[in-house]
Every structure is written in structure tokens, then in C-alpha cells.
Amino acid sequence: MVAAAVLSVMGMGIFNHGHSSKSPSPAYANLPLRRPARTERKMDLKASDRFNINSQLEHLQAKYVGTGHADLSRFEWAVNIQRDSYASYIGHYPILAYFAVAENESIGRERYNFMQKMLLPCGLPPERDED
Amino acid sequence: MYLYSLTLQRAGGVVCATNGNFVGGKTQEIVVARGKTLDLLRPDDAGKLQTLLSVEVFGAIRSLSQFRLTGSQKDYVVVGSDSGRLVILEYSRERNLFHKVHQETFGKSGCRRIVPGQFLAVDPKGRAVMVTACEKQKLVYVLNRDAAARLTISSPLEAHKSHTITYSVVGVDCGFDNPVFAAIELDYSEADLDPTGQAAAEAQKHLTFYELDLGLNHVSRKWSEPVDNGANLLVIVPGGGDGPSGVLVCAENFVIYKNQGHPDVRAVIPRRADLPAERGVLVVSAATHRQKSMFFFLLQTEYGDIFKVTLEHEGDRVAELKIKYFDTIPVTCSMCVLKTGFLFAASEFGNHALYQFQAIGEAEDVEASSATLMETEEGFQPVFFQPRGLKNLVRIDQIESLMPIMDMRVMNLFEEETPQVFTLCGRGPRSSLRILRPGLAINEMAVSQLPGTPSAVWTVKKNVNDEFDAYIVVSFVNATLVLSIGETIEEVSDSGFLDTTPSLSVSLLGDDSLMQVHPNGIRHIREDGRINEWKTPGKKTIVKVGSNRLQVVIALSGGELIYFEMDMTGQLMEVEKHEMPGDVACLDIAPVPEGRQRSRFLAVGSYDNTIRILSLDPDDCMQILSVQSVSSPPESLLLLEVQASTGGEDGADHPASVFLNAGLQNGVLFRTVVDMVTGQLSDTRSRFLGLRAPKLFSATVRGRQAMLCLSSRPWLGYIHQGHFLLTPLSYETLEYAASFSSDQCAEGVVAVAGEALRIFTIERLGETFNETVVPLRYTPRKFVLQPKRKHLVIIESDQGAFTAEEREAARKECLEAAGMGENGNAMENGGGDEEEKEDALSDEQYGYPKAESDKWVSCIRILDPRTGNTTCLLELQENEAAFSLCTVNFHDKEYGTLLAVGTAKGLQFWPKRSLAAGFIHIYRFVEEGKSLELLHKTQVEGVPLALCQFQGRLLAGIGSVLRLYDLGKRRLLRKCENKLFPNSIVSIHTYRDRIYVGDIQESFHYCKYRRDENQLYIFADDSVPRWLTASHHIDFDTMAGADKFGNVYFVRLSQDVSDEIEEDPTGGKIKWEQGKLNGAPNKVEEIVQFHVGDVVTCLQKASLIPGGGECVIYGTVMGSLGALLPFASREDVDFFSHLEMHMRQEHPPLCGRDHMAFRSAYFPVKVTFQDSYSLLVHF
């Protein structure tokens, strides 16, 4: 159940923040690190779950790519959302066609471009702090 | 508001296709996924592609594959979709449907990053299938069969690798060794952690082989090797004795042969000579042709060029890889080579085509080979070629596709009975304006003038066993004309028919005699020329006749019915008389059922608004079995036996049922089911066909009985894929019709209208619209109607293309070069002409040459829709591109209607959206609206994506600014603006003093303009972020919109808020000035929400039938058209919501996606009922 809740948050992320392919923003690297709000996830937890919550979360994080955690940086969060968005564009053929018309490229090329962008969707990661 | 959603035209675009032997037997079929629908196509003997079956799956199909168990005769289809399930389908020939053999759930639904379904790979021997996600997850299912030879599927085996993006997967052909799957993978884990960028620069794609150990039931990574970083596609190389096994890796500019323990064999893909250096060449689709002795691959690049790839090999060592230019066809998303020598090319945009192979590229042509690969300091030496006309392929059929619909409008410009749908379709050189008319297309074969105005026409055979008709008989007011059908159609006088009287009916009687019924009697012409004449008693005349091969019923004036039957000796004998209460309006007898003596039912329509069914059985002859009262006197009756199918070619095995069809004088077609035993009538339906009383005639369509209804326009009722359809024909009003069959035309119709006799055939059965195509130059963006002259003004623009002059110059250069070669070959000048002619067609086939991505071409066109002629074409200069337009009447009225066009100069999307300048051009219509003259252009700071007339001024959405302009002498004058829109304005609608602004990312904003204070302000907006792609104004408070994720939604400002704003003297301005969290003080409410599953690009409120209610019509990127109809009554709502509920339970969608979940993919579905779902139970 927790998994479902977390993933639905993640799923929503795709669409609320779906950056248009036309403006991938390499600017995330320079932004200060900040914790994202995690209230929704907390609401779904029951007392009994709290027992082994850590192990459960770790399991989820390993199983479901993009599951957040307490120390998630803004950059990591953005990268996940971008990758989710690109995967969604690739999966939804009409959207792919829509972009292809806009950029006057073939759909095959557009799909390839999106896959290539999944490598570094937000530019280079920021310098780590001392930790 | 409750809406009923109906698909008018199914999507034309293709997502993926696969070919195989799905029906069983020798034929080859193609399974085509069109996004939400799955079609089964087959080329018929004439080389026309026929759709055997089309199923709506309520989900997004992403991948298709076909496999066959060893020793089996039939292929299965595996479908990867967004359902989180793997579905294996089998085509059932008997029932004409796809039968779900297996449905294995493996993950969440939706197109997600790590949920498999994006790629499918099948072991060539059909022993295993791998289903893969974009990232990380790969699942392998083992396929086998049980003792009863049924297909079994194992639980999934995992081959996951996290932080890895997958580009392509195939099953390697390794004979009967353990199945191996190959994948192109890229690991990004290092790159995510390294801030210096070094790891990202070094990230390397790998080709990985996964081996499924059938003994251990386990999947392992067998082999992984770095591969070219441009790799995007894998193609299987035949193995296991037929070839060297391994894979072809298609990468940008290269094709590489790879196999475990084999050195790479690499060759460059030849480039078009005119391709800019910055662009690579990417293979986007591939097909393999295999025969026992040889195999080759066809690879198509993103520019449409097809290359034939062959491997020189000895055993499993590949010595050389050759890439030879084959032909150029429009870019495809999928190609299928059929064993029968056809190539099915599913185009990315525009019509799909079926080609036949003329040759297999053995002739001399540009060729790149691994043996001649040259590596220089800058990289590999490219090979260049020039595209040419088709040499190896010849197109024999095409399937229409509207993909992508860019803009659409429903208008009745031609003043026909129903409005036409004008759509802008296609992209680049293949774009077109298509005028759609509801109805089937017809092909007129002959029109000949007759002496006088004919009243009726029939066709008769001479013998029941004849294949073709012998005579066409035309009746006039006082004469009958007999035409014999042969090589030509000519008048004859030796037929035995009486030609000095009008005829009421002409038909074949018995096996080989003819019957003519005229007002004074029945003339029976025996095969040996003997003529029997039956005269009416007294002064009575025959008014109506109903007959079949063995029975004749006549109605005399006054209402007397006389029934004749044919006896054993071929004599027509009077059997029974019956007195009806009044005059008979019409009669019909059903055809004699197979193996029976007579048909049991006679239908009689009277002027007292009733239809009676009478028995013709000897026991209860002329007894009234049932009575049906109707709303208006019936004009024509037809008893039609509808047998959805006999379990043959297509259609399920339903018992035939008899329908009584009646055309009433008020223009309604009335239909009821006749009980075969009791003759009781039940299940009545009626439909308004037109302004004239429909006349009904029996016809033949695809060998089955069909019905022609002639009202103010003709209709055809026929069976298509197991459904009975009643569709209008796109033809003029006809008076009388009969089916027609000759050796030139197997299933035609002969009809009379006015003074002419017309023979035509009906084409493209099963389609809702027939289209008239007007080609355009570039991708059309939008169009408007010039209101006075009814001309269309279209703007077209393309990125990364050369202007017409540049293209012309390049072509000349190229022709000169070619001409020199020709002179060398001693060709005459005539040859050059021919080439030019060919070249004129070529853009459509080859596409425009690619330019740098920051170059734009664009034009404004005025088109006369009646003739399809372009009366004015303005090419924009200096890298400008048009994006919006509207007609505007400024209040000073000096110029009348003007055209405003919003353009951008030097627009670039990458690396950041930027432009040199935006402009608003103002044009004046000259030469009676046929041409344009530039008044002035005004520079603005952004792209004007939306323009609209408002109170004698021009409203423009320029980036995030809404601005009001007035017309000046030299430029537009700013009057007022509002800069508070979130992103970019893409649509503006106005109604009275309200302005409805659509933002690209933030849905609708309702604004008001206060003239006294000269202020624009937002008083309401939407709370949901919607990436708007289309919008339409519904009423004062309501807007319809569509977002790019495929949802259609309606928002409405609640009544009290609306009233409050209208009553408030400040118009809600004070509230706005207070400002709340950067939003408007009021929020609109979402009243309808519906996931279409396709990007909707245009919306319009229109009525498609005269007198019908208004509905919202939408067009999508995939080329489908749909309608949302509001329900009129609460009962309908209840009925359909229950029907939908039961359908969901009893008939879950084919590909495993939950119906409700699909319609609610992004937002919960709100008050819309499903279309095609109920269509399933329509008949």
C-alpha cells in the first residue's frame, strides 16, 4: 500500500512538472539543495508500518526507481521527474508525434533524442557538499 | 452535463505493425496498432488492402510482435501496452475477433519508466518472449505448449539491471540452442554522481546478450560489449543454418554487424549529398526478407531513404557488410515485407502505402561496404548519393490517414445537405487540406442521357444461374425502354417486353422466364419466347407489385390484393385474393429462403399509417399476422434478411434475421425485426434520412444482401465486419435504383435521376467520410474563413527547410549535374522533360531537403475550397514563420475585413527558446478576396501565438502578455495590456465583453475589458495546470479545452459567480486588485473530464446532421475525429451509465487495460459515457 502511495506521488510528478522538450533546463545544478515536501507520504503510514519503516523504504527505493527519501536533493528529484517525463513521451506515441511535428523531425529521431536525453536530463550534477 | 462520446473516424496513424500468418492457411496478414485500436489487414488478390477486423482496445499499444510455436501453422500476436500486462492474442477466423489467449500481469498500468511494455522481443523459434521497459526492467516469459497443444506461458523471469536505459531489444536467432535476447543498454549511474562531467562524457552504450537457460529456467547476462554510442536499433540476423546469427546494430551513420566472438563489421550509411554536415543519419525502421537460400534487410533512414543491407558470409563468419541504396518512400514507423512480394509501409504521417517489389536492388547503385570503409583523421569517410525515382518498388495501394490533424472546422461552405469537415492534415511536403463529407465515396462508371424523364429502372438476368445481368429496363411515363448489357449497353426490341406502356416491375421469374408488370396486367415471357398475359379485371389497374422468384402479389386500385404463385410447370397461377380496407401504399415479399417453396411473409403498407404482415402459407393464406402503426404513411417497404455472417471471411456466426424496413413519407426510415415463426414485429427503430420519402431497393454488397435507400440523398445499408451499417453515399439525389452486375463491374448500381441513367460502384466500404484532397506546401498550422467570399486563408510553416527559391536553385543544380550524365548517355531532351515531371512529384515522396534547424519557411495561402485552387500564395521572407491568424474588422471600417498574421523571425527551440523578433502583419484583401496586400507590420517582443478580434480592435497574445491593438497608419497602436498571464498565451476567444484566454500550461483565464478605465483584468481562472492544445468557446460561462496528455475537459464558471460579476458595477475588479496568491479571485469548475488517449489538436461545436443537436467535434494528432454529444434526457443517462457499467464487467478491454482507469488516466473521468463500447452491442 505504501508503495502505491509513493508511486502515485511520483506519477503525478511527471505531469505537474513535465518540462516541455523544448526547454530542458540545465539550471538545476546551481540551485541550493532543499528538501522537498513529503507530507503526502507521511499521511499514508499507519502506526503498525512505522515498526520496520526503514527497511520497507529501502526495499521500495531499490524496487521502484524514483522513490524519494529524506536526503533527496533537488537535483536528484528533478532528474527523476525529467526521466519519468521522457519515458512518458516515448511511451505515448501521440505525444511523440506532436513533438515531431513541432520540431519537424521524424518520430524515430524524436524518440532517439528523448532517450539520449535520459542520460543527463538536467545537466551535470551539482558539486557535493563535504558529506 | 452528460456527454456521449463517439468516434467518428478511427485513427489513421500507425504506431507499429507486424506481419504474419494470423488467420491460418497460406495468406499473409498485417496486424497494425493505431494507438488505441488494433487492426488486421490483408492485401486482397487485386492488391488492395482490406481491413478484416478493427478492435478498440482502450489502452495505448506500444509494441507488437508475432511468433509461432514450432510446427504450428498459425502465428500469435504479442501486445505490449500501457496496461502493465503482457497479452497474447490469437485471431479466430470463425468469430472474426482476437481471442485473448494469455494475459500476464507484471506491473502497474500507465506508460512508466520502469514498467515493461515499451519493447518486445520474441525468440525466432517462438520459445520465449522478453518484455522490456525504457529503464531497468526486463522480463522473460517462456512459451510452450501443453498436451492438448494449447499455448502455455511461464511465470516471468527477471533480467533487471538498474540505472540502465534500454534502446532496443531483439531475440537473436540461434536455432534451437538456448534463446538469447540482445539489447542496447546505457548505464547512467556514474554520470549522475560525477559533477565534473567526465563520467557522462565517457558513458558508453553496450550491446548485451541475455541467455535464457531453458534447463535451469534462469536468465543470465551472457555477454556485453561496448557498441557505438549512436546505436538505436537492433535487427536480427538469421542464424541456425540459414545465416551467421548475431545482430545488426543500427547506429547514427553506421550499421554494424555484431555477434559474440566475432569482430565488428562496420559500414557507413550513405548520406544524401545535400544533407547539412551537422545532421546524422538515423535508421528509424527496418524489415527483413528471408528466403531459404538468401536474406536481406531493408533499413529506412529518417529522411525516407531505404537501403538494402546484405551480408557476405561463410558459415557464421561475416566477411563483408554491404549497404546499397534501394529506393525512397515517405518515412515509415514500420515496414513489413510480405512473402507474396509486397511491402507494407506504415507512414509516420500521412497515407500508408502498399508497394510491390519490381526488383530486389540487384541493379547498379550507390553502395557502401565494410570492405571499402575508409577511416581518416576526422572519422570515417562518408559515401554520398542522390535520391532518385522508384526503381525497385511500385505503389499499388494506399490507405488514407489524416495524421496529424492540425486544424479542423465544420462548415457548410458548399451548401450541401450536411456540413463538410475541413481538416488541415499532414506535415511538410505531404500536407494537405482534406475536405471530408460524411458518406461513402462512389465511383461513377457511366452517365447517359435518356429521351425523357425515366421513372424507374430494373436489371434482370435471363437465367437464375447467370452471373451477370442481361437487361436494363427503364420505365417512362408512357413507355418502357429495354437495354441489353453486353460489351456496350444498347437498346433492343426483341426482348419480349411490352414497350408501349410504363412498367411497375420487371423481374426474373422461376429459373429462366421474365415478368413485366404494367398497370393493365402481368406479362410473363417464357424462355422459349411464349408470352402469357394476365389482364386486370374490369377497369381496375395495378398500382403496386411485390414479387420474388416464385411469388407475385399485386395490389389493384381500390385495395384488392391478388396473390400468384409459380407452379411446377412454370405457369403463374392465381392463388388467393384479399380485400384490404383501403388503397395499398406499398408491398414487399421477402426472397424465397434457400430450399423452400415460398417465402412466408408479405408486408403491406397502407395510407392509414399502418404496415401489416400477411401470411402466404397455404394454410392461413392472406391472414394478417401482425400490424404495426407508424407515424406517417409508408412509401416503400423492403424485407431484408440480415445475416451478419456465415462464419466465413469475416463476421461471427449469427443466425439470419429478417428486418422489415419501411421508408415513410416524412423521410424516416423505420426498421423492425420480423419473427421468423410468428411474423410478430418487435424492436423498432427509426432514423431520419432526408427530406424525401425513402425508396428502398435491394442490392448486393460483397455478396450479401444490402439495402439502398433513396431519400434526398442516397444511403446504403450493408454489413461490415459483422455490423449492419447505414451510411449515406456522397452522390446526388437519385430517383430509382437497382443493383447492376456485368463483367466490367461486379457489384454496381444503376440508377435514374433527372433525365440520366447512371451506373456507379461504391468504394471504400466501412468508412465514415470520403475526402477531397488539396495538397499544400508546408505543415499547415491554422486556417480561417474569409467571411465574405468564403475563401480559406491557411498559414503553413516548417522548421529546418529551405525556401522555395533555394530549393529550386538546388534542384536546377542537381538536374544540370544529372543532365550532363544524360548527355553522356546520349539521351534526348524528351527524357529530361520526363524527369522534370517526375521531379515535380518528388517532394511528396522524398521530403524536403533538410536545412539547419534555425531556418524556417512559411507561407500564407488563400484557397478557393470549391475549386481547390490557390488564388494567392505569399512566401514569408527572411526566416519568418507564421503561427497565428485571424480576420479582423477594425471599427473605423476604412478597409473592411483585414487579415492579421502573427509571425516569428528566427525562432529556435534549442538550446533555449529564443527568437530574433515577432511581428504582426496586417493584410488587406484585394481582387475580391482572392489576393492579399500587406498594409504594415508591427514588431512585437515575443511570438504572437494567438490573435482575435475584439470590439473593433485586435487582441494579441504575445508570450505572457495580452495586448489590445488598434489600427494605425503605419503600425498597430497599443491600447491596453495585461502582463499577468503565467506562461504563454495560445488561444483567445471572445464573447460579448468577456475574453477567454488559454495559456500553454495553465488552462483558461477568464478576462474582462473595461472600456471606461481601459483595463484588462482576469476575474477567474482554472485551478488545474493544463497544457492546452485546443480550446473552444461553448457558452458564456463554459469553455472546452484539450491538453497535450490527451484529455478533453469542459470548465464552467458557476452561475452565482458569473451573475455576481455581471451585476457588480466594477465587474469584480476590486476583488482582482486585492490579488490572491498570484491567482484570480474566482475559480472555474471542471464539469467534464475525459481521457481520449490521443493529443486533441482541434475542437469545435457543430451539428453534423441537419436538424440534429449540436455536439463537440474533435480532431487528434493520430488522425481520428470524434464527437461528444450532450444527452437530452435523464433516462438516456441512466441507461448508458448502466450499459457502460455492465460492459466493463462483461467485456473487459482486449489488451488488459481497465476501461475506467484508461478514461481516468490523468484525472478521474467525469460524466462521459463511452462510445465504441456501446457500439459493440449496437446490433
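This is a walk through a predicted model, stop by stop, with something to select at each one.

**Stop 1: chain A**

Start by colouring chain A by secondary structure. You should find 7 helices and 0 strands, and reading along the sequence gives the pattern α-α-α-α-α-α-α. Switch to a surface view next: chain A has 131 residues, and 54% of them count as buried.

**Stop 2: the domains of chain B**

Now go to chain B. Its domain assignment lists domain 1 as 59–226 and domain 2 as 455–647 + 654–705, so give each range its own colour. Note that domain 2 is written as two segments. If you place a centroid on the C-alpha atoms of each domain, the two centres sit 61 Å apart.

**Stop 3: salt bridges**

Over all chains, the structure holds 70 salt bridges. As background, side chains of opposite charge can pair when their charged atoms come close. Let's visit a few.

Select B:Glu565 and B:Arg598. Their side chains meet in a salt bridge, with N to O at 2.9 Å. B:Glu565 belongs to strand S50 (residues 560–566), while B:Arg598 is in the loop between strand S52 (584–589) and strand S53 (601–606), so this pair ties together parts of chain B that are 33 residues apart in sequence. Is B:Glu565 buried or exposed? B:Glu565 counts as buried, because its relative accessibility is 15% and the cut-off for buried is under 20%.

Stay in that loop and pick B:Arg600, then add B:Asp617. Here the salt bridge is 3.1 Å, N to O. B:Arg600 lies in the loop between S52 and S53, and B:Asp617 in the loop between strand S54 (610–615) and strand S55 (624–629), so the contact links parts of chain B that are 17 residues apart in sequence. With a relative accessible area of 21%, B:Arg600 is partly exposed.

Next, jump along chain B to B:Asp1035 and B:Arg1052, whose side chains form a salt bridge at 3.9 Å, N to O. Which elements does this one tie together? B:Asp1035 is in strand S84 (residues 1028–1035) and B:Arg1052 in strand S86 (residues 1047–1052), so the joined parts are 17 residues apart in sequence. Both ends count as partly exposed: B:Asp1035 at 31% relative accessibility and B:Arg1052 at 29%.

For the last salt-bridge selection, take residues from both chains: A:Glu105, A:Arg109, B:Glu252, B:Arg279 and B:Glu302. Salt bridges that share partners join these five into one network.

**Stop 4: a patch of negative charge**

Show the surface and select B:Asp1056, B:Asp1059, B:Glu1063 and B:Glu1085, which gather in a patch of negative charge. Which element gives the largest share of the patch? That is helix H5 of chain B (residues 1055–1063), with 3 residues. B:Glu1085 lies in strand S88 (residues 1085–1091) of chain B and counts as partly exposed at 43% relative accessibility.

**Stop 5: an exposed lysine**

Select B:Lys788, in the loop between strand S68 (780–786) and strand S69 (791–799) of chain B. Why does B:Lys788 count as exposed? Because its relative accessible area is 74%, and exposed means over 50%. Try a distance label from B:Lys788 to B:Arg34: the two are 754 residues apart in sequence and 40 Å apart in space, C-alpha to C-alpha.

**Stop 6: backbone oddities**

Time to put the side chains away and look at torsions. Most residues other than glycine have a negative phi, and most peptide bonds are trans. The next selections go the other way.

Select B:Met403 and B:Pro404. The peptide bond joining them is cis, with omega about -15 degrees. B:Pro404 sits in the loop between strand S35 (393–399) and strand S36 (405–411) of chain B.

Then check phi at B:His163: the value is near 55 degrees, positive in a residue other than glycine. B:His163 is in the loop between strand S14 (157–158) and strand S15 (164–172) of chain B, and is partly exposed with a relative accessible area of 37%.

Finish at B:Asn879, where phi is near 65 degrees, again positive in a residue other than glycine. Look for B:Asn879 in the loop between strand S71 (869–875) and strand S72 (880–889) of chain B; at 27% relative accessibility, B:Asn879 counts as partly exposed.

Terms used
Residues numbered from 1 in each chain as written. Chains lettered and ligands numbered in written order. Predicted model: local features only at pLDDT ≥ 70, side-chain atom pairs only at ≥ 80, totals over all residues. Heavy atoms only, no water. Domains from an automatic or database assignment. Patch = residues over 30% accessible without salt bridge, like charges linked within 9 Å, V, L, I, M, F, W, Y side chains within 5 Å. Areas by Shrake-Rupley, 256 points an atom, 1.4 Å probe, with all protein chains shown as cover. Salt bridge = Lys/Arg side-chain N within 4 Å of Asp/Glu carboxyl O. Lys, Arg positive; Asp, Glu negative; His and termini not counted. Charge placed at Lys NZ, Arg CZ, Asp CG, Glu CD. Helix = DSSP H or I, 4+ residues; strand = E, 2+ residues; numbered from the N terminus. Buried < 20%, exposed > 50% of the residue type's maximum accessible area, 1.4 Å probe, protein only.
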